[in-house]
Amino acid sequence: MTYLAVVTGAAGAIGQEIAAQLAPTHDAVVLVDVDGEKLKTTHAKLESRVEGGHNRIIPEVCNITDPDAVKDLARRVSERGTVRTLVNNAGATHAASLHEMTVESWKAEVDLNLNAAFLCFQAFSESLKACPSSPSVVNVASANGLGMFGNPAYSAAKAGLIHLTRSIAVEYGRFGIRCNAVAPGTVKTPAWEQKAKANPNVLDEVKQWYPMQRIVEVGHVASTVAFLASAQAGSITGVCLPVDCGLLAGAPPVARAFAVSEYY
Ligand SMILES: NC(=O)c1ccc[n+]([C@@H]2O[C@H](COP(=O)([O-])OP(=O)(O)OC[C@H]3O[C@@H](n4cnc5c(N)ncnc54)[C@H](O)[C@@H]3O)[C@@H](O)[C@H]2O)c1
């Protein structure tokens with residue numbers, strides 16, 4: 001049996017690192033992305049980075065918000081092997097506030113950040129069920145799915161994704177399928193370019209709200225995904241693990257004001 005990992009949004013910064021970290025525990029990693037040019041570059045990079053990379057890194061161009069395209073993708077992937085790990089990582093946000101939101105932007109963000117994960121799970125669920133070796137799904141949610149940090153449609157979709165995580169865990173546990181989520185805080189990736197245009201200091205300014213006074217490293221999101229997908233996490237299902245340098249625990253400036261203490 002050939003064991004596969006499927007990573008959506010794999011041409012992006014976080015997806016690429018997740019693919020690299022899943023490679024040692026899978027026979028091959030399928031990189032799924034809508035951006036064919038970026039995917040070519042990522043494919044070449046990972047082929048040289050991953051041991052025995054040639055033939056073990058499979059690029060697949062697919063718009064995962066399109067139900068038919070996702071079905072086709074699953075059919076092509078099933079010819080390559082059995083899916084042991086599905087990582088629903090593709091995601092993005094552009095609409096910062098409700099005031100700026102249009103019906104179209106609301107629907108587009110929910111489509112990409114929530115509905116696409118359902119489509120991918122549904123398309124790959126038979127393959128996951130057929131996998132005898134620790135099949136699992138890891139959903140890349142966000143701290144925005146657990147608290148409010150702006151970007152309302154994205155946040156609502158990520159909150160939905162966390163609940164989809166529980167639904168899959170509860171219904172598919174009897175097939176041995178685990179499903180977990182990670183909720184990253186701010187990670188410096190191209191996804192921040194739009195906000196950096198409006199405020200070039202945004203990534204420095206957000207650090208004050210983090211107990212660790214720094215933002216999250218791409219590698220730490222990927223290593224948490226790899227852990228949740230591994231046999232070491234064999235009894236963990238239905239959870240959402242923040243990878244957020246403490247953001248969701250509380251903010252030092254808020255604690256300083258409430259406790260009237262300079263020690264925060
Ligand atoms: N960067 C952060 O600060 C941060 C924080 C919390 C959560 N996240 C989440 O992490 C995940 C990865 O984000 P990133 O920062 O690496 O973003 P990124 O923009 O670098 O990568 C996202 C990738 O998804 C792909 N994609 C977009 N729409 C697609 C579609 N319809 N079909 C297939 N692929 C599509 C893009 O082409 C891109 O390569 C996202 O789900 C994001 O919401 C990111």
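In the predicted model, the ligand is surrounded by 30 residues, of which Asp33, Asn89, Tyr154, Thr189 and Trp192 are the closest. Sorted by class, this shell comprises 16 nonpolar, 10 polar and 4 charged residues. Polar contacts to the ligand involve both backbone and side-chain atoms of the protein: an oxygen atom of the ligand is placed 3.2 Å from a polar backbone atom of Ala13, an oxygen atom of the ligand lies 3.5 Å from a polar backbone atom of Gly91, and an oxygen atom of the ligand is found 2.7 Å from an N or O atom in the side chain of Trp192. The ligand taken alone exposes 830 Å², and 90% of that area is buried by the protein. Helix α1, which spans residues 13-22, and α5 are the elements that contribute two or more residues to the shell around the ligand. Trp192, which is among the closest residues to the ligand, also has a charged neighbour, in that Lys195 lies over the face of the Trp192 ring at 4.8 Å from the ring centre.

Within helix α1 is also found Glu17, which counts as buried because its relative accessibility is 17%, under the 20% cut-off. Between the C-alpha atoms of Glu17 and Ser261 the distance in space is 40 Å, while the two residues are 244 residues apart in sequence.

The aromatic side chains were examined next. The structure holds 2 aromatic pairs. In one of them, the rings of Phe121 and Tyr172 have their centres 4.9 Å apart and their planes at 85°, so the arrangement is edge-to-face, the angle being over 60 degrees. This pair links distant parts of the chain, since Phe121 belongs to helix α4 (residues 103-129) and Tyr172 to helix α5 (residues 152-172), with the two positions 51 residues apart in sequence. Tyr172 also pairs with Phe175 in a tilted arrangement, with 5.6 Å from centre to centre and 50° between the planes. Phe121, Tyr172 and Phe175 are thereby linked by ring pairs into a cluster.

The members of this cluster differ in their burial. Phe121 and Tyr172 are both buried, the latter counting as such because its relative accessibility is 17%, whereas Phe175, at 30% relative accessibility, counts as partly exposed. The face of the Phe175 ring is also covered by a charged residue, as Lys129 lies over that face at 4.4 Å from the ring centre.

Helix α4, to which Phe121 belongs, also contains Ser127. With a relative accessibility of 17%, Ser127 counts as buried, and a polar atom of the Ser127 side chain lies 2.9 Å from the backbone nitrogen of Val83.

Two loop residues, neither of them glycine, have positive values of phi. For Asn151, phi is near 55°; this residue is located in the loop between strand β5 (136-140) and helix α5, and it counts as buried because its relative accessibility is 4%. For Cys245, phi is near 50°, and the residue is placed in the loop between strand β7 (240-243) and helix α9 (252-259). Cys245 likewise counts as buried, in this case at 10% relative accessibility.

Technical notes:
Residues are numbered from 1 along each chain as its sequence is written. This is a predicted model: local features need pLDDT of at least 70, side-chain atom pairs count only at pLDDT 80 or more; totals for chains, interfaces and linings use all residues. Side-chain values use heavy atoms; hydrogens and water are left out. Rings of Phe, Tyr and Trp (its six-membered ring) pair if their centres lie within 6.5 Å; planes under 30 degrees apart count as stacked, over 60 as edge-to-face and the rest as tilted. Helices (H or I, at least four residues) and strands (E, at least two) are DSSP runs, numbered from the N terminus. Buried means under 20% relative accessible area, exposed over 50%, partly exposed in between (1.4 Å probe, protein chains only). A charge sits over a ring if NZ of Lys or CZ of Arg is within 6 Å of the ring centre and within 35 degrees of the ring normal. A residue is near a molecule or strand if one of its heavy atoms lies within 4 Å of it. A polar contact is a pair of N or O atoms within 3.5 Å; within protein, one must be able to donate a hydrogen and the other to accept it, and residues adjacent in sequence count only if both atoms are side-chain atoms. Accessible areas come from the Shrake-Rupley method with a 1.4 Å probe; for residues, only the protein chains shown count as cover. Ala, Val, Leu, Ile, Met, Phe, Trp, Tyr, Cys and Pro count as nonpolar, Asp, Glu, Lys and Arg as charged, and the others, Gly among them, as polar.
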